[in-house]
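Trainee: Could you take me through one part of this model slowly? I'd like to see how the strands sit together and what surrounds them.

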Amino acid sequence: METDSILIPLVPWAYDNNITPYENTCFDGEVEQYIENEILSPDRKIPLRVAKCIIIGPVSVGKTSLIRRLGANGYGLKQRPTIGIDYWVQKFEVLGTPFRLQIWDTAGLERYNSVTKSFYRDAQIVIMQFDLSRPHTLNELKEFVRDVLTVNQEERLLIFLVGSKKDLISEAQCRVLEKEAAQVAKQFEAEYWSVSSLTGKNVQNLFSRIAALAFLKMIKTEIEIKESFRNEDSRLAIMCPEQMTPEPPLKSKKKFNCCHCNIT
Ligand SMILES: Nc1nc2c(ncn2[C@@H]2O[C@H](COP(=O)(O)OP(=O)(O)O)[C@@H](O)[C@H]2O)c(=O)[nH]1
Ligand SMILES: [Mg+2]
């Protein structure tokens, strides 16, 4: 185990089970079995699974602070500065399997409306962030989301709507804003979270939930692909003997292979 990883033995709870399209999600028997047999089997090298997570939203809603707060918890978050875009890597260990979230930040480019397509491209997770202490930022978010969806296919994305700076508002104000946010979350099929990067409230829970759902989605896709190969193999094995046109007799006795049929 890597010492600086966040451990995820179970899928963490959603912030509010009524504001998520991913309710009742868990690591089921099929996933556990796949991990045990295909990933953690001693004779296999474990490939590193990485998911790209982008954080979008208006200037000053606290995007950079959210990532920094995750790093400040003392886990293995590393900053990788690039031109115009920063990305950080957070290590996780999900059900004993190493997993990484690559978290991309716009590095202030949103100010000039010049976030490039490469920022959005191939993202598996989108965090749409607004500032609970400036409710108009919730509406401003919609424009950013449109850009993401034009570059990525919607069904590939896990979407999270995050209201930040919870420490600046009262519980009563928070409840009102969460009702509004729930409607936007529904519109984009997103899961909602209220967080504070100042106090750290819910920051690690949010990213653990993101990592668990992203990992689960990746493993489910791997299982599906493996299943489809297995089905294709058995289909070919059935088709092969009947579809072979008889070969003329061979002069020398030679062995050759056709799919899975050994014909001598
Ligand atoms: N009180 C409070 N201030 C915050 C919080 N998160 C960020 N800020 C402040 O909001 C301002 C903008 O934050 P920043 O992370 O740079 O926003 P970005 O432009 O979206 O990356 C900074 O002054 C932060 O200190 C929070 O959770 N609570
Ligand atoms: Mg920033």
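Mentor: Let's start with the strands around Cys53, then move outwards to the core, a helix and the ligand. Keep in mind that this is a predicted model.

Strand 2, residues 49-56, is a good place to begin. On one side it pairs with strand 5 (residues 97-105), in the parallel sense and over six bridges. If you want a spot to click on, Ile54 sits opposite Trp104 of strand 5. Strand 2 also runs parallel to strand 6 (residues 125-131), joined to it by four bridges. Here Ile55 is the residue to pick, facing Ile127 in strand 6.

Now look at Cys53. Neighbours within four places in sequence aside, its contacts are Leu101, Gln102, Ile103, Trp104, Ala123, Ile125, Ile127 and Ile210. Cys53 is also among the residues with the most contacts inside the largest nonpolar core, along with Ile125, Met128, Leu161, Ile210 and Ala211. That core has 62 residues, and helix 6 (residues 203-243) supplies the largest share of them, eleven. As a general point, nonpolar side chains in soluble globular proteins tend to be buried together.

Follow strand 5 the other way and you reach strand 4 (residues 86-94), which pairs with strand 5 in the antiparallel sense over nine bridges. The two make a hairpin with two residues between the strands, and Leu95 there takes a positive phi near 50°. Val94 stands opposite Thr97 in strand 5, and Val94 is also the bridge partner of Ile8. That second pairing belongs to strand 1 (residues 6-8), which runs parallel to strand 4 and is joined to it by three bridges.

Next, helix 5, residues 171-187. Its 17 residues at 1.5 Å a residue should span 24 Å, and the end C-alpha atoms are 24 Å apart, so the two agree. Ala181, Val184 and Ala185 are its buried residues. Among the elements covering them are helix 4 (136-151), strand 7 (158-164) and strand 8 (191-194). After the helix comes Glu189, with a positive phi near 50°.

Last, the ligand. Ligand 1 is surrounded by 14 residues, the closest being Gly62, Lys63, Thr64, Ser65 and Leu198. Helix 2 (residues 63-72) gives the most to that shell, three residues. By type, the shell splits into four nonpolar, seven polar and three charged residues.

Conventions: Residues are numbered from 1 along each chain as its sequence is written. Chains are lettered from A and ligands numbered from 1 in the order in which they are written. This is a predicted model: local features need pLDDT of at least 70, side-chain atom pairs count only at pLDDT 80 or more; totals for chains, interfaces and linings use all residues. The expected span of a helix is 1.5 Å times one less than its number of residues. A residue is buried if 20 or more other C-beta atoms lie within 10 Å of its own, exposed if 12 or fewer, and partly exposed in between; C-beta atoms are placed from the backbone. Two residues are in contact if their C-beta atoms, placed from the backbone, lie within 7 Å. Two strands pair if DSSP finds at least two bridges between them. A nonpolar core is a set of buried Ala, Val, Leu, Ile, Met, Phe, Trp, Tyr and Cys residues joined through C-beta atoms within 7 Å. A residue is near a molecule or strand if its C-beta atom, placed from the backbone, lies within 6 Å of it. Ala, Val, Leu, Ile, Met, Phe, Trp, Tyr, Cys and Pro count as nonpolar, Asp, Glu, Lys and Arg as charged, and the others, Gly among them, as polar.
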